[in-house]
Amino acid sequence: MFKKIISITIFYFLVAFNNSYADLINDIKISGNERISDETVILFGDIKKNSNLDNDNLNEILKKLYETSFFKNISIDIKNNILYINVIENPLIQSVIFNGIKNKGIIQNLKDNILQKEKSSYVQSKIKEDQNRIINSLRINGYYFSKIETNIKRNNNNTVDIIYDISLGEKALIRKIKFIGNKIFKDNKLRKVIVSEEAKFWKFLSTKKNIDIKRFSLDENLLRNFYKNNGYYNVQINSSFAQIIEERYFEVIYNINAGQKFFFNDLKLNIPIDYNERDFTNLQNLLLNFKGEPFALNKIEEILEEVDEIALSNNYDFVSA
């Protein structure tokens with residue numbers, strides 16, 4: 001009984017102690033905002049009148065307001081049950097300019113990819129990330145050696161112009177495509193499977209000869225499906241990478257482990273007893289033809305397509321395989 005009384009006494013003491021650091025907010029005063037309305041500040045800060053605010057609440061308000069990217073500096077204070085919020089707004093981005101690029105399609109792609117867009121708030125810390133995004137976008141378009149300088153022009157009305165001076169350089173081209181590892185198939189055959197191409201003088205219109213990291217991922221998927229359709233179900237494309245071998249020319253290498261080759265053994269068809277077996281004659285013949293053949297995903301698709309055809313032709317509405 002004595003222990004129970006002690007624990008209850010301490011509990012009420014702690015509650016009273018914590019509440020002593022919370023203030024009841026009767027009013028909210030906001031200053032320093034020009035473009036952003038008071039209502040917007042209150043909304044994004046999730047601030048409510050006639051509520052108790054302690055230090056943790058104030059820190060949470062600061063965090064939410066900074067996350068909007070609207071403000072460069074924010075200060076909060078409570079006096080006489082009034083919450084005072086003073087802000088300094090980030091400048092508004094009036095225009096984003098890309099010098100050194102004539103292709104309108106590339107410019108539009110860059111504008112879509114950057115974080116700092118026109119009519120949004122300018123945040124200095126995002127400039128470096130946007131530079132990286134621009135460099136990566138240009139590399140996808142083959143300009144692997146491009147360089148960029150960024151200038152910020154500050155205007156009188158708390159707006160800025162972001163100016164990117166870009167030197168594209170020469171396009172990076174694929175000189176040679178190699179396949180290493182336990183690849184089974186010859187390089188010439190594998191080159192016909194992928195999308196990327198070696199740069200030849202007669203391919204002056206092709207963009208597939210340019211270095212493109214995203215295309216390498218597509219190539220990996222194409223190689224993987226090719227091997228699986230030729231019996232190598234456990235194939236692994238361990239890596240794909242490009243290494244520079246001379247000025248503006250790269251060698252692209254795909255590392256392949258084909259693994260063991262698999263074959264179809266017995267293929268059996270199980271159908272409900274109330275179905276007519278003659279309706280499945282073509283499918284049975286298909287299964288017999290596949291026996292002994294290399295395992296292939298496209299053969300599985302062929303079987304499923306035949307099942308769908310049987311279902312449509314014979315009103316087996318609820319067939320699934």
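**Loops and helices in a predicted model**

Biologist: Is N80 buried or exposed?
Modeller: This is a predicted model. In it, N80 has a relative accessible area of 71%. The cut-off for exposed is over 50%. N80 is therefore exposed.

Biologist: Where is N80 found?
Modeller: N80 does not sit in a strand or helix but in a loop. That loop is the one between β4 and β5.

Biologist: What is the phi of N80?
Modeller: Most residues other than glycine have a negative phi. N80 is not a glycine, yet its phi is positive. The value is about 50 degrees.

Biologist: I184 also has a positive phi without being a glycine. What is its relative accessible area?
Modeller: I184 lies in the loop between β9 (173-182) and α6. Its phi is near 70 degrees. I184 is partly exposed, a class that lies between 20% and 50%. Its relative accessible area is 46%.

Biologist: S196 is in a loop too, between α6 (187-191) and α7 (213-228). Is S196 buried or exposed?
Modeller: Its relative accessible area is 2%. Buried means under 20%. So S196 is buried.

Biologist: What separates the C-alpha atoms of S196 and F216?
Modeller: Along the chain, S196 and F216 are 20 residues apart. In space, their C-alpha atoms are separated by 7.5 Å.

Biologist: Which residues of α3 are buried?
Modeller: Helix α3 (residues 55-67) has 13 residues and reaches 18 Å from its first C-alpha to its last. Its buried residues cover an arc of only 55 degrees around the axis, so they are on the same side of α3. On the other side, N55, D56 and E67 are exposed. The buried residues are L58, I61 and L65.

Biologist: What covers the buried residues of α3?
Modeller: The cover includes one helix and several strands. The helix is α2 (38-45). The strands are β3 (51-53), β4 (71-79) and β5 (82-89).

Biologist: How is α8 directed against α9, roughly parallel or roughly antiparallel?
Modeller: The axes of α8 (residues 281-290) and α9 (residues 297-313) come within 10 Å and cross at roughly 170 degrees. Angles over 145 count as roughly antiparallel. Therefore α8 and α9 are roughly antiparallel.

Biologist: How many nonpolar residues are in the contact of α8 with α9?
Modeller: From α8 come N282, L283, L286, L287 and F290. From α9 come K299, E302, I303, E306, V307 and I310. By class, one residue is polar and three are charged. The nonpolar count is seven.

Conventions
Residues are numbered from 1 along each chain as its sequence is written. This is a predicted model: local features need pLDDT of at least 70, side-chain atom pairs count only at pLDDT 80 or more; totals for chains, interfaces and linings use all residues. Side-chain values use heavy atoms; hydrogens and water are left out. Axes are lines fitted to C-alpha atoms, for helices over the stretch in contact, and angles run from 0 to 180 degrees between N-to-C directions. Helices (H or I, at least four residues) and strands (E, at least two) are DSSP runs, numbered from the N terminus. Angles under 35 degrees count as roughly parallel, over 145 as roughly antiparallel, 65 to 115 as roughly perpendicular and the rest as oblique. Contact means heavy atoms within 4.5 Å. Ala, Val, Leu, Ile, Met, Phe, Trp, Tyr, Cys and Pro count as nonpolar, Asp, Glu, Lys and Arg as charged, and the others, Gly among them, as polar. The expected span of a helix is 1.5 Å times one less than its number of residues. Buried means under 20% relative accessible area, exposed over 50%, partly exposed in between (1.4 Å probe, protein chains only). The arc is that of the directions from the helix axis to the C-beta atoms.
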